[in-house]
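Me: I would like a close look at a single part of this model, with the strand pairings and the helices that pack on them taken together. Please keep the account connected and careful.

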Amino acid sequence: MSSAIQFGLSAHRQFSSGGAYANIPLSTPLPGVPKPIFATLDGQEKFETKVTTLDNGLRVASQNKFGQFCTVGILINSGSRYEAKYISGIAHFLEKLAFSSTARFDSRDEILLTLEKHGGICDCQTSRDTTMYAVSADNRGLDTVVGLLADVVLQPCLTDDELEMTRTAVQFELQDLDMRPDPEPLLTEMIHEAAYRGNTVGLHRFCPSENIARINREVLHSYLRDYYVPARMVLAGVGVEHERLVEAAAKHLLGVQPTWGDPGAVDVDRSVAQYTGGIIKLERDMSNVSLGPTPIPELTHIMLGLESCSFLEDDFIPFAVLNMMMGGGGSFSAGGPGKGMFSRLYLNVLNRHHWMYNATSYHHSYEDTGLLCIHASADPRQVREMVEIITKEFILMAGTVDTVELERAKTQLMSMLMMNLESRPVIFEDVGRQVLATHSRKLPHELCMLIRDVKPEDIKRVAGKMLRGKPAVAALGDLSRLPSYENIQAALLSRDGRLPRMYRLFR
C-alpha cells in the first residue's frame with residue numbers, strides 16, 4: 001500500500017510543473033516536446049470565389065469554407081422593381097409560395113422531410129431587385145440540395161390551395177406591417193416611394209391589398225417566363241468544392257423545361273432608376289401603438305433622404321463610411337465597444353436633445369442608384385425642431401471631417417464587414433449578389449483596402465454632391481407640425497440647415 005502511494009507521489013513529482021522544467025521560461029519551447037504545426041495560408045486560391053458560366057448562361061459561384069455544412073442557393077435578378085407592366089405584388093407572392101409543391105415533391109412537408117435527412121433548412125427572401133432561394137445542409141447531400149432547388153425554382157405547381165394560403169399569408173403580413181410598434185419597414189417603403197415616384201425601386205415591395213385577389217397562376221407564369229431565365233440566375237455555394245457544384249448544376253439546371261413553358265422572346269424591363277424626390281405623408285394616430293405596463297409614448301416618425309450612388313460606383317465606399325460615421329440608434333441603446341456611441345447622431349443629436357426618441361442613419365444601394373436617409377422620431381409637438389436638427393446634420397456632412405471620427409468610422413465599418421463575413425449564410429449572400437451584379441466578387445481584404453483609402457475630402461465631396469439633389473421625405477403619425485416640403489428643401493439648400501422662420505401675427 002505504502003509503495004503504491006510512494007509510486008504515485010514520485011510519478012506526480014516527475015510530471016508536475018515544479019519538477020524537471022522549473023528553470024525554463026514560458027517563452028522557450030520545452031525540450032523533447034514535438035514542435036507544433038499551425039495552419040498556414042498556402043496561397044490565395046482557397047479564398048477566391050470561383051465562377052463558371054454554363055452553356056445556358058447560368059453562373060455557378062462557390063467559396064471554400066471549412067466545415068461539414070454548406071449553404072447553397074439560387075439568386076435571381078428579379079424583384080418588385082421589375083413589376084411596372086405587371087400587377088404589383090408578384091415578387092411578394094412568389095416569396096410566400098417558395099418551397100411549396102413541385103413536379104417531384106407533392107407538398108412542402110415532403111421537401112422539408114427530404115432536407116431533414118441532410119440536417120437542412122430552407123428559406124426564400126425577396127428584395128426590390130433580387131430573389132434568393134437558399135438551403136443550408138450537410139455538404140454530403142449537395143446533389144440532393146441542388147436538385148431540390150432546381151425543382152423549387154423552375155417547376156413549382158402553384159396549386160389553387162397554395163395560392164389561397166398565400167393570399168391569407170400576404171394579408172396577414174400587410175396587417176402586421178400596419179400594426180407593429182416598429183415603423184421602420186413601413187417608413188422604408190414610403191421613402192422609396194417618395195424618392196422614386198412610380199418607377200423601379202419606388203414600386204411597392206409589398207403586395208397592395210387590392211391586388212391580393214387579382215394575382216393568379218397565369219399572372220405569375222407570365223412574370224416567371226420573363227425573369228426566371230438562366231441568364232438572370234446565379235447558383236452560389238459556400239462550403240462546397242467548385243467542381244462538385246458545377247457538376248450538380250449541369251445535371252439539374254441544364255436543359256430543364258420550366259412548368260411555364262419555353263420563354264421564347266424574353267421581354268425584360270431594363271429601366272434605369274429615376275430619382276424624383278418628393279414627400280409621402282401618412283396621418284395616423286400612434287397613441288395606442290404599444291399598450292401595456294410600459295407603453296411606447298406617442299411619436300411622430302420622419303425619414304429624410306437624399307440620392308447617393310449605386311454600389312457599382314467608386315463613391316459607394318465613401319458613402320458607406322459616411323453612413324457609419326453618422327450611425328445613431330435609439331435613445332435607450334446600451335453602450336459598449338463597437339456600439340457606435342461616438343457616432344454623430346449620438347453625440348450631436350441624442351446626447352443633446354433628451355426628447356429625441358430615435359435618430360438612425362441608413363444607406364440603401366442598388367445597381368443604378370442609392371439613397372442615404374436618416375430616420376428620427378419624437379413627440380408630435382416637437383416635429384419642427386426634430387426636422388431642423390436632421391437638416392442641420394445633413395449640412396454638417398459636407399463640413400469639416402475630424403480625422404479621429406473618420407478613422408473610428410472606417411475601423412467600425414471594417415470590423416462589421418469582417419464579423420458579418422464569419423457567418424456562412426452571409427458569405428453566401430455576398431457571393432451571390434456580387435456575382436449576379438458584376439460577374440465577379442471583391443474579396444474582404446480588397447474592400448478593407450478601399451475603406452482604408454477613404455480621406456476626409458472624399459466624405460466632403462460625396463456629401464456636397466448629394467446635398468445638391470432634391471430631398472425625399474416620409475412622415476408617419478401626427479403631422480400637424482410638420483414643415484412643408486418646400487421649407488425642408490430650403491433648409492437643405494441653406495448654409496446652416498435652418499428652416500425658414502415662421503412669424504405669426506397672433507399667438
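Me: How many bridges join strand 7 to strand 12, and do the two run parallel or antiparallel?

Reply: In this predicted model, strand 7 is joined to strand 12 by 6 bridges, and the two strands run parallel. One of the pairs that fixes the register is I280, whose bridge partner in strand 12 is A474. Strand 12 also pairs with strand 8, here in the antiparallel sense and over 5 bridges, and in this pairing the bridge partner of I302 is A475 in strand 12. Strand 12 is largely enclosed by the rest of the structure, because 6 of its 6 residues are buried, that is, under 20% relative accessible area.

These pairings belong to an open sheet of 6 strands, in which the order is 7-12-8-11-10-9 and the pairing is mixed. Strand 7 (278–283) and strand 9 (328–330) stand at the edges with a single partner strand each, so one side of each has no neighbour in the sheet. From one strand to the next, the twist averages 20 degrees.

At the edge formed by strand 9, the partner is strand 10 (residues 356–365), to which strand 9 is joined by 3 bridges in an antiparallel arrangement; within this pairing, G330 has N358 of strand 10 as its bridge partner. Helix 9 (residues 316–326) packs on the sheet in this region, where it touches strand 9, strand 10 and strand 11 (370–378), and its direction makes about 170 degrees with that of strand 10. Another helix, helix 16 (residues 485–493), lies across strand 7, strand 8 (300–307) and strand 12 (472–477), and it runs at about 55 degrees to strand 8.

Helix 9 also meets a further helix, since the axes of helix 9 and helix 12 (residues 403–420) come within 9 Å and cross at roughly 105 degrees. The two helices are therefore roughly perpendicular to each other. On the side of helix 9, the contact is made by A320, V321, M324 and M325, which meet E405, L406, A409, K410, Q412, L413 and M416 in helix 12. By character, the residues of this contact divide into 8 nonpolar, 1 polar and 2 charged. As background to the spacing of such contact residues, an α-helix has 3.6 residues a turn, so residues three or four places apart point the same way.

For context outside the sheet, strand 4 (residues 121–126) and strand 5 (residues 131–138) run antiparallel and are joined by 6 bridges. They form a hairpin with 4 residues between them, and the bridge partner of I121 is S136 in strand 5. Strand 5 is also among the elements against which the buried residues of helix 4 pack, the others being strand 3 (69–76), helix 3 (108–116), strand 6 (233–238) and helix 8 (242–253). Helix 4 itself is mostly covered, with 11 of its 13 residues buried, including L142, V145, L149 and D151.

As for the protein chain that holds these parts, there are 16 helices and 12 strands in it, and buried residues make up 50% of its 507 residues. Among the contacts in the protein chain with a separation of 6 or more, 79% are accounted for by residues 24 or more positions apart.

Note on methods: Residues are numbered from 1 along each chain as its sequence is written. This is a predicted model: local features need pLDDT of at least 70, side-chain atom pairs count only at pLDDT 80 or more; totals for chains, interfaces and linings use all residues. Side-chain values use heavy atoms; hydrogens and water are left out. Two strands pair if DSSP finds at least two bridges between them. Axes are lines fitted to C-alpha atoms, for helices over the stretch in contact, and angles run from 0 to 180 degrees between N-to-C directions. Contact means heavy atoms within 4.5 Å. Angles under 35 degrees count as roughly parallel, over 145 as roughly antiparallel, 65 to 115 as roughly perpendicular and the rest as oblique. Ala, Val, Leu, Ile, Met, Phe, Trp, Tyr, Cys and Pro count as nonpolar, Asp, Glu, Lys and Arg as charged, and the others, Gly among them, as polar. Buried means under 20% relative accessible area, exposed over 50%, partly exposed in between (1.4 Å probe, protein chains only).
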